[in-house]
Amino acid sequence: MMIRIDASGAACLGAFAAGVLAACPPPESTPDAGAPPPVCVWRSDEPPAALSRLGCPTDFAALADDPLDSSLPGAKTVKYLIDRASLDAPPAGQQCPAACASPTVCAEVDGAAGCAGYQLYFQNTAARQLHFEFARDFLSGICGCRPDCVASCDCDVDQECSSGCRCDPDCACACASVERRCSLPPVIDLSTFNATEYISPNRRFLLGSITHFEAQDIWALNLAPVDTATPEMIELMFRQIGGASFFGPQLRFLPASASQESRARELAADIPVVTNAEIYAGLEYQPLNLGETIGQVRILRAAELQRVYVSPRDVVVLDAVPNDITPVAGLITAQFQTPLSHVNVLSQNRGTPNMGLRGATAHPAVAALAGRWARLTVGANNWSLTEVSADEAERWWEEHRPPPVTVPALDLGVRDLIDVERIDVADVGVVGAKAANYGRLQRTAYTVRAWNFERADEAGTVPQGWLIDQGRWAVAEDEQASSGIHALGQTDLGGGDKAVFADLRYRNFECRSVVIVEPAGEVGLAFWRTGPADFMVARLGSDGQLAIERSRLGKRVSLASERMPVDAPRYALTLRVHDQLATVTARPYPDGPAVSIQATVEQKTGALACGLWTGAGTAARCDDFAVTPIYNPRGFAIPFAFFVDFMRDNGYHRYLEQLLADQRFRSDGDYRRATLADMQESMRGAPVSAKLRDLLDLKLADEYPHMRMRFRSSTNAEDLGVYTGAGLYSSYSGDRDDPDKPVLDALRGVWASLFNLRAFEEREYMGIDHRKVAMAVLVHRSFPDELANGVAITANLFDPTEPAFYVNVQVGEEAVTNPSPGMLPDQYLYYWASASPEAVFLSYSSLNRGQPVLSAREQHELASALLAIHRNFQPVYGSRGFYAMDVEFKFDAPDRALVIKQARPYPGRGETP
């Protein structure tokens, strides 16, 4: 290929300047140019489609845009492409100069062997935000002139280049460009582009971005988190871009993932590296909930919120992050917040702007407006606070009143304790949204329905594709099952049904079946493959014996067994495996006294399995099979009906009516705070009905003996698709064996939290009728030995073009949502959809010496659970535009088992106007 600029090439460069690069050859890089001159390349008022060098800050600004990834704000970015198809292989029969080295290559230059660089394009990122868009429009091989050139050129649009089609010399669509584009490979589609240009070692393009972090004055070369570029590729990019830009001496490489950090250690010693954590530590501005508001600026200490009333028309500026705050117009904190903190989720609920600004209380732009009306704008990359008049503020508030929230109607017909296994999202009117969502978590699984069982024929022939192990067990692929699932069957070579499925990924799973047992038969649920021929089996024999056994090479050893108290022709069997505890329950179908047995099962070395198998002569039907990728403790709910009875029996429903009619209570915030506190104190000592006391005592004694239980709020005004109400209510622990933790005190404490000041103010702000809200209670075991705890969002909050989960996690029990001052958690994005999933860390825990809190295996396990939760709740909450779930999780002692504490819809990050 000849690298030269002739007369027609000059005409095309003029067209390139006008933003019509598709009509012309791409601009040529100057061979072996060395350091760029300190002068601007671009001198036109119209921004270019691309530049091959950046000579000054004006060139950068002409192409720059806000990064799609806004996790590190206060930045501008320009994307670049290096096209390795722009130069041929070394010319045949010619020797290249010894000076040719990366990032230059040997090529034919004006008829002789010489050094030339790969074509480098700094693309207009504001015009085309994706690399693919630029490559498709300007660097894809095409033949024929563009249609808009045909009017002034005698060219057939469909004419092949080889036909000798020539345009008029004055036409901007010079034939040189047509021939040049014909020689380039095509850029086909986005999915193909992404699958090759970020992953393949033989990729055509080297892609990345140059980002200027303005507050720190850091110039960084960064790649997509999923990019697998080798150290050699990274070095080539770094040196070519450094030599073609005014900021070359300041350029640093910014790894975007753990694997890129590893590759960065293999770079040449003269290539400096900077990390996300270093940049994050130097930020001055942290956007949390985007938006615009108007309010009166009030500068306070966070500790003053305990005694100072702030109103929904105040823009509150605090020295520290509060644990909670009543509704305000906007919030600015001098300390950075965790994006998943309760105060930020509350801001998202309310649609009120929220930001962190180091030194906010003394910041000149803030301090100058103390006590005045101002407009606060929180954007993804910048913020502003400007003074407005009182009249303008009043008009703004009239136009921006939040629409009232309608809560689900109460269903008071259920007056018994309900196990969470029987609860789903449709029961929000009975037990509240938190308990209803918790019940659905129990059903979060990849579900396979099995209606047609294969049967070995009378001769004992095994179905095609099944592999026999010692004549008893069979294993085969099942294409109808979900990804990663195999079928595991049993045969005795004398006939028998096979409908057992195995999943290779999850240790927590559940299987339900309804079986008809005939005298000669038995039915079982096989699970937990611990070796090539070693299985754990839950079995119900024709003699009514329920057993959990180990079966190896046809020999059975009983681990636990129980005789069924009644004879029945049909049973419902349920098997649950959580961690290393297996529980099998048999119940005469359709109803009858249940028998459950438990056994500890050893750690798996192979596939999990769950499903129905039957011996010869046994008929069976499998209703449902589910592999459950998450674990949350079993528990129960105390329905709304008991709370309503408590309110009426003790006269609190009448007292609430009096308060709502009291003008002083409505208008005086300090009086309202004191009055609600007195009401709560009274509720904590009021009597509970004898029926509920007896039900609770029996439930805890029989099913949760010697366990400390956690009593958690579950109202019909939180964790909803239209409104989440995070952190408004309180949870308490109770223990029948601990006189310092009375169960009834825990129950009444949760009930009384319905009238927490922040909860009352929030409902008032959102237009929720207090008389239509009630408190149910979710009860499950407590977690005294957390090894790690965290919150995750099942969406990428910072870059919608890259699927990822956003995770905050901290060591031990140190809170993530309401951390102690100075306690920062791990913050990372987990790019689960990539070929090799990667965690990209924004910051590391202040308690873990710069190391990730979770191991790579735990990050993957958590991501698997998050994906299952996201998909399982999507039919419920995914029809309102933005959709993501807010998930609280723990890694519990002693074996760091993943536990999902709750899941609720996430309201989103907001938008700037």
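In this predicted model, strand β34, which spans residues 709-715, has six of its seven residues buried, so the strand is largely enclosed by the rest of the structure. Its partners in pairing can be followed one after the other. With strand β35, made up of residues 732-734, β34 runs antiparallel and is joined by three bridges; within this pairing, R710 has S733 of β35 as its bridge partner. With strand β36, covering residues 775-781, the pairing of β34 is again in the antiparallel sense and extends over seven bridges, and here T715 is matched with M775 of β36.

Another part of the model holds a covalent cross-link. When the whole structure is searched, one disulfide is found, and this disulfide joins C40 to C56 with an S to S distance of 1.9 Å. The pair links distant parts of the chain, 16 residues apart, since C40 lies in the loop between α1 (7-17) and β1 (50-51), while C56 lies in the loop between β1 and α2 (57-63). A bond of this kind is covalent and connects the sulfur atoms of two cysteines.

The geometry and the surroundings of this disulfide can be described further. The torsion about the S-S bond of C40 and C56 is about 110°, and the disulfide is therefore right-handed. As for accessibility, C56 has a relative value of 8%, and because buried means under 20% relative accessible area, this residue counts as buried. C40, by contrast, has a relative accessible area of 25%, so this cysteine falls in the partly exposed class, which lies between the 20% and 50% limits.

Key:
Residues numbered from 1 in each chain as written. Predicted model: local features only at pLDDT ≥ 70, side-chain atom pairs only at ≥ 80, totals over all residues. Heavy atoms only, no water. Disulfide = S-S within 2.5 Å. Helix = DSSP H or I, 4+ residues; strand = E, 2+ residues; numbered from the N terminus. Buried < 20%, exposed > 50% of the residue type's maximum accessible area, 1.4 Å probe, protein only. Pairing = 2+ DSSP bridges.
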